[in-house]
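Hello,

Here is the structure I said I would pass on. My notes on it follow below.

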Amino acid sequence: VLLHHLLDFSRRPHAVLSEAARVVTAGGHIALFGFNPLSLFGLSKWPGVLFSAHPVWRHNSLRAGRAMDWLRLLGFQPLMLHWSGYSLAHHNSDKGSGVTLPALAQNARLPFGLFYLLVARKQMLRLTPIEQPNWAPRRVPGLAINRCQCRPHHHD
């Protein structure tokens, strides 16, 4: 299942993720794209809400860590987390050096990119069959009372 910014614009992101998890078979994958609330774009969302009613400014700020927690609760194992979109946050005018700030941030895997891609696999539950014991049950005398064998006590 591919969720391309779906959780960012949903009113109930956990319900959307639960439904996506329901339809994925064991061993299947979810790929989730989300806006990073720690990027410059994510941080500019807060003043943007004050000046515009456009949906891009009214998206959910779902951190990648929270998305991973939700996926783990739904029986998924996160496999990959990739941050990207650094060049949209900062442009370096020094093109002669060959090393740019976005390239350094990408190589260092800093969690400040515009968006993230999270891939997780649904865990397969291994059921252990109930096996019959290899021995035959035995009756042990004296452990079960079939009838009361009480005798009155006589005093001399």
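A residue counts as buried under 20% relative accessible area, as exposed over 50%, and as partly exposed in between. Ser-18 has a relative accessible area of 24%, so it is partly exposed. Please keep in mind that this is a predicted model.

Ser-18 belongs to helix 2, residues 13-23. Its C-alpha is 9.7 Å from that of Leu-73, although 55 residues separate the two in sequence. Helix 2 itself lies across strand 1, strand 2, strand 3 and strand 4, and runs at about 160° to strand 2.

Now the sheet. It is open, has four strands in the order 1-2-4-3, and its pairing is mixed. Strand 1 and strand 3 are the edge strands, each pairing on one side only. On average, neighbouring strands are turned by 15° against each other, direction ignored.

The pairings are as follows:

- Strand 1 and strand 2 run parallel and are joined by three bridges; His-4 in strand 1 has Phe-33 of strand 2 as its bridge partner.
- Strand 2 (residues 29-35) and strand 4 run antiparallel, with seven bridges between them; Gly-34 stands opposite Tyr-116 of strand 4.
- Strand 3 (residues 76-84) and strand 4 are also antiparallel, over eight bridges; Gln-77 has Arg-121 in strand 4 as its bridge partner.

Strand 4 covers residues 115-122, and six of its eight residues are buried.

Next, the interior. The largest nonpolar core has 19 residues, and those touching the most other members are Leu-17, Ile-30, Leu-32, Leu-71, Phe-76, Tyr-116 and Leu-118. Helix 2, strand 2, helix 4 (64-73), strand 3 and strand 4 each give two or more residues to this core. Helix 4 gives the largest share, five residues.

What does Ile-30 touch, leaving out residues up to four places away in sequence? The contacts of Ile-30 are Val-1, Leu-3, Leu-17, Ala-20, Ala-21, Val-24, Leu-71, Phe-76, Leu-118, Val-119 and Ala-120.

One last residue to look at is His-5. It sits in the loop between strand 1 (2-4) and helix 1 (6-9). Its phi is near 60°, a positive value in a residue other than glycine. Is His-5 buried or exposed? His-5 counts as buried because its relative accessibility is 13%, and the cut-off for buried is under 20%.

Regards

Key. Residues are numbered from 1 along each chain as its sequence is written. This is a predicted model: local features need pLDDT of at least 70, side-chain atom pairs count only at pLDDT 80 or more; totals for chains, interfaces and linings use all residues. Side-chain values use heavy atoms; hydrogens and water are left out. Buried means under 20% relative accessible area, exposed over 50%, partly exposed in between (1.4 Å probe, protein chains only). Two strands pair if DSSP finds at least two bridges between them. A nonpolar core is a set of buried Ala, Val, Leu, Ile, Met, Phe, Trp, Tyr and Cys residues joined through side-chain atoms within 4.5 Å. Contact means heavy atoms within 4.5 Å. Axes are lines fitted to C-alpha atoms, for helices over the stretch in contact, and angles run from 0 to 180 degrees between N-to-C directions.
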